[in-house]
Amino acid sequence: MGSRKNSTSLKGLNPFVHEVKLTCAQRIKELILGSLLFPLRVVLATAFMLLAWPVASLRVVGLSAEERSRPLTGWRRWLIHPILWVLGRAVFFCLGFLHVKVKGRRADVKEAPVLVVAPHSGFFDMIIMFSTQLPMVVSRSENLSLPIIGALLECIQSVVVSRKDPESRRKTVAQINERLNSNGYWPQMLMFPEGTTTNGRSLIKFKAGAFLPGVPVQPVLLRYPNKLDTVRWTYKGTTWYQAMWHTVSQLYTNLTVEFLPVYVPSQEEKNNPSLYADNVQTLMAKALGVPATDHMMEGGVPVRKLGDLSLPVEPRGREVMSLLCSKGVGVQEVEVVLGRMIGRCQPGAKDTQASAEELASIFGLTDKETARHICGLYSKGKSADLRQIYFSVLAVTSFVDLESILHSAFTTFDREGHGSLNVEELSDLMGALLGFPQQDSSALHAVASSDGQLTEDNLLRVLKSHPVYREVVREYLQLEEASH
C-alpha cells in the first residue's frame, strides 16, 4: 500500500480540534432559522424516537437469553426491521438530513462481514445505519441502560463490552470473531475503526478490532459536502450540543455515503491485524484525499504514535508553561521552582507524588483551580508524579541541554544504579520526559540496547540519530536553544 505521510508534513496537524466559524451574516441567519427550525425539528425527531422505542422492545420481547444469542428470524425480522428503518430514517429527516446520496454498492454479508466507516465526525454519523440496513454494532454495556438507545442496541443484537469487567474485552473479541466468521449466519457488523471523532482533515490510526478476525471488509466513506462544516464535535473546540444547534439550524444538511470495493486481506495481513488496519486506513485516506496519520486517543488523551511511544498532541510541559505564564509566573520563577522540586525527584525519593494543594504551594499559585488543572494534566487521581511534571517542563525550556536532562532522567530512573535501564525503567523515563505514561517501550529498548544493556550513551545516540526516535527530540524535547 501507499506510504503514510511523514512527520514533517504532519507537523502542526491536530485532528482533535474543530470550530465552526461564522460570519456576522451567517450568525444572524442561523439565529433566525434556528429559532424556528430547532425546536420544531427536535420535537418531531423525539416523537419518532419515542415511537421506535416500543417497536424495538417488541423485537426481542419474550426471547430467552439463549434465543437472543442467535440471529433474529421470522416476523421479528421481516416485520419489525423495516418499521424500525422507516422510523429511524424519519428521525434524521426531521433533523435536516433530507436526502442521502449513495455511491457504490453495499457488499453482501458473505462478501464482506464487516463495514468499516470513516471519518467519524459525531453522532450524526449514525445515519449510516439506514444506508446499511441496520447492521450490528459494538457498544459499551453502559449504553444498554439508556432510554430508547438501550432498546435499539438490543434489537439489532449489538456486541457489548464492559469497562468494569477485566474479562469483557477478551469475551468481546471472541464474540466478534465468532459472528464475523459465521459465513453469513449473522448480519453484517458496522465499525468506526478510528474509535473517536475527529475534524475529518485526516484519518487517524485505525484500531485493530475490526481486523482481528481476518475477514474481508468493505470500506465506507462519509462526506458532508456543505458550505458550513457543522456536524463535527471534537476533543477541543465545538461541543456536541453546539454541533447539534449549528446543524439542526441549517435548512438542510447534505451527506454522501460511498461504498468502496471490498478489501480482501492477504495472508500477511491476516497474521498481522495492525498491518491490515494500517493498509485499509491508507486506502480510505487516499480515496478521501486526506493524509493517514498515526494519531489516536489513548486513555482519553490525543496522542501520536511514534514507534512504540505515545506522544501527546499537546505536550504537557508546554501546557504547564502556558498556564503558569497566564498566572504571571515568569520563566525565571519557573527555573527556581524546578530547582526546589528536584529534591523530590532524586533516586530513592519516597514521596514523588504531589496533590493539587502541594502544587499550588510549589509554584506559588494563589489560584487553586490552576493547580488542579496542572495536576489533572498528569493524573486522573488526586495527585500527580512530580518527576513527570519536573522533566516534562524542563524538556520544553532552554534551562539545560539534551545531554544534561537525559543524564538527570537516566540517573533518576536507574533504580539499581547499574548504569543500564530495563524496559519498565525506560518506559518510566520516557513517560517523564513526555509527561504522559508509556505503556511499553520494548521496541525503543531493543533498538537502543547493546548486548541487552541500555546505557545512557546508547539512548542519547538513538534519540539524536535514529530515523524514527529522533523526532522525539525535534518535536517534543525542544532543547536546541540550550546548546547554542
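Reader: In which loop is the place of Pro-119?

Author: This is a predicted model. Strand E3 covers 114-118 and helix H6 covers 128-131. Pro-119 has its place in the loop between strand E3 and helix H6.

Reader: What is omega for the peptide bond that joins Ala-118 and Pro-119?

Author: The bond between Ala-118 and Pro-119 is a cis peptide bond. Its omega is about -5 degrees.

Reader: Where is Leu-134 found, and is it buried or exposed?

Author: Leu-134 is found in the loop between H6 and strand E4, which spans 138-140. Although Leu-134 is not a glycine, its phi is positive, at about 55 degrees. Buried means under 20% relative accessible area. Leu-134 has a relative accessible area of 11%, so the residue is buried.

Reader: Which loop holds Ile-148, and is this residue buried or exposed?

Author: Ile-148 lies in the loop between E4 and helix H7, the latter spanning 149-155. Ile-148 is not a glycine, yet it has a positive phi of about 70 degrees. Its relative accessibility is 10%, and therefore Ile-148 counts as buried.

Reader: How many aromatic pairs does a search of the whole structure find?

Author: The search takes in the whole structure. The number of aromatic pairs found is 14.

Reader: What kind of aromatic pair do Phe-92 and Phe-97 form?

Author: The ring centres of Phe-92 and Phe-97 are 6.1 Å apart, and their planes stand at 75 degrees. Phe-92 and Phe-97 are both buried. Planes over 60 degrees apart count as edge-to-face. The pair of Phe-92 and Phe-97 is edge-to-face.

Reader: Why is the pair of Phe-123 and Phe-124 tilted?

Author: The ring centres of Phe-123 and Phe-124 lie 4.6 Å apart. Stacked pairs have planes under 30 degrees apart and edge-to-face pairs over 60, with the rest counted as tilted. The planes of Phe-123 and Phe-124 are at 50 degrees, so the pair is tilted.

Reader: Is Phe-124 buried or exposed?

Author: Its partner Phe-123 has a relative accessible area of 26%, so Phe-123 is partly exposed. Phe-124 has 1% relative accessibility and therefore counts as buried.

Reader: Which residues form one aromatic cluster?

Author: The pair of Phe-92 and Phe-97 belongs to this cluster, as do Phe-123 and Phe-124. The full list is Phe-92, Phe-97, Phe-123, Phe-124, Phe-130, Trp-233, Trp-240 and Tyr-241.

Reader: Which residue lies over the face of Trp-186?

Author: The residue in question is at 3.9 Å from the ring centre of Trp-186. The residue over that face is Arg-179.

Key: Residues numbered from 1 in each chain as written. Predicted model: local features only at pLDDT ≥ 70, side-chain atom pairs only at ≥ 80, totals over all residues. Heavy atoms only, no water. Phe/Tyr/Trp six-rings, centres within 6.5 Å; stacked < 30°, edge-to-face > 60°. Buried < 20%, exposed > 50% of the residue type's maximum accessible area, 1.4 Å probe, protein only. Lys NZ or Arg CZ within 6 Å of the ring centre and 35° of its normal. Helix = DSSP H or I, 4+ residues; strand = E, 2+ residues; numbered from the N terminus.
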